[in-house]
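Thanks for making time this morning. I would like to walk you through the sheets of one structure, so please have the view in front of you as I go.

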Amino acid sequence: MNVRFVLSMTATCAAITAVLSAQVPDVKLVPSPPGQAAVQLGGRWEKTAEGGQRYVDGKWVVIDYSRPLLRGRTQIFGAGADYGKTVMDGAAIWRAGANDTTRLTTQAPLQIGDKTIAPGIYNVFADLKAGQWTFVLNTQPVQPKFDPADKVRLSGATNYDAKFDVLRVPMTMASRPDSLEQFTIAFSNVTDSTARLIMAWERTVATVDLRLASGTK
């Protein structure tokens, strides 16, 4: 074989490898990247002067949370007396995610179950029991940065105090046929005034319906 040809091919392969290596993106994320679920209710579509359409007067309902991954783990919620212990990590309730406290912001009064909540910002939790989750909204003050000496304000679910709960509603439980790698909160079945909030991870799905409170404009 021609020595010059071999050397040329070797140099070409090295150059291609160097280019490909240089193109690998430097992705830096926290172990449980932040996520957001959002929906607008109560609005309407209207025509613009240019002949298009725009959605106006919608009220935002937004959930900010962190999204843990399975990373090879199975039965993430456990079973029997140990149900929920892995994700709660020593807390009395699950923060419905990871890292910081999950928060729900609503620009309109909402009816969830038989309760109505005013516009505002709420902490979101899931009270986990095998076969039955309870959706919890709470107004306990939240630490801006974790302080282990602070035994009053929330950090994640640490220091959770049920006396601040403003809503506790049973969720509807179901199973997925496939395993969802990353914990996900989303909205589905959205109408002009209603939506279904979904929490899903691995093969577990929990949902709760919400609607604009009567008289909301």
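Let me begin with the sheet of four strands, which is open, with the order 7-6-12-11 and antiparallel pairing; please keep in mind throughout that what we are looking at is a predicted model. The edges of this sheet are formed by strand 7, at residues 115-117, and by strand 11, at residues 172-188, and each of these two pairs on one side only. Going from one strand to the next in this sheet, the twist averages 40 degrees.

Staying with the edge at strand 7, its pairing with strand 6, which covers residues 110-112, is antiparallel and comprises three bridges. If you want a residue pair to pick out on your screen, take I112, whose bridge partner in strand 7 is K115.

Now to the other sheet, where I would ask you to follow the strand order: this one is open as well, has six strands in the order 1-4-5-8-9-10, and is paired in the antiparallel sense. Which strands form its edges? They are strand 1, residues 34-41, and strand 10, residues 165-170, each of them pairing on one side only. Here the twist from one strand to the next averages 20 degrees.

Within this order, strand 8 is followed by strand 9, and the two, spanning residues 120-129 and 132-138 respectively, run antiparallel and are joined by seven bridges. To locate this pairing at the level of residues, look for L128, which stands opposite W133 in strand 9.

That is where I will stop, and I am happy to go back to any of these strands.

How values were computed
Residues numbered from 1 in each chain as written. Predicted model: local features only at pLDDT ≥ 70, side-chain atom pairs only at ≥ 80, totals over all residues. Heavy atoms only, no water. Pairing = 2+ DSSP bridges. Axes fitted to C-alpha atoms, helices over the stretch in contact; angles between N-to-C directions.
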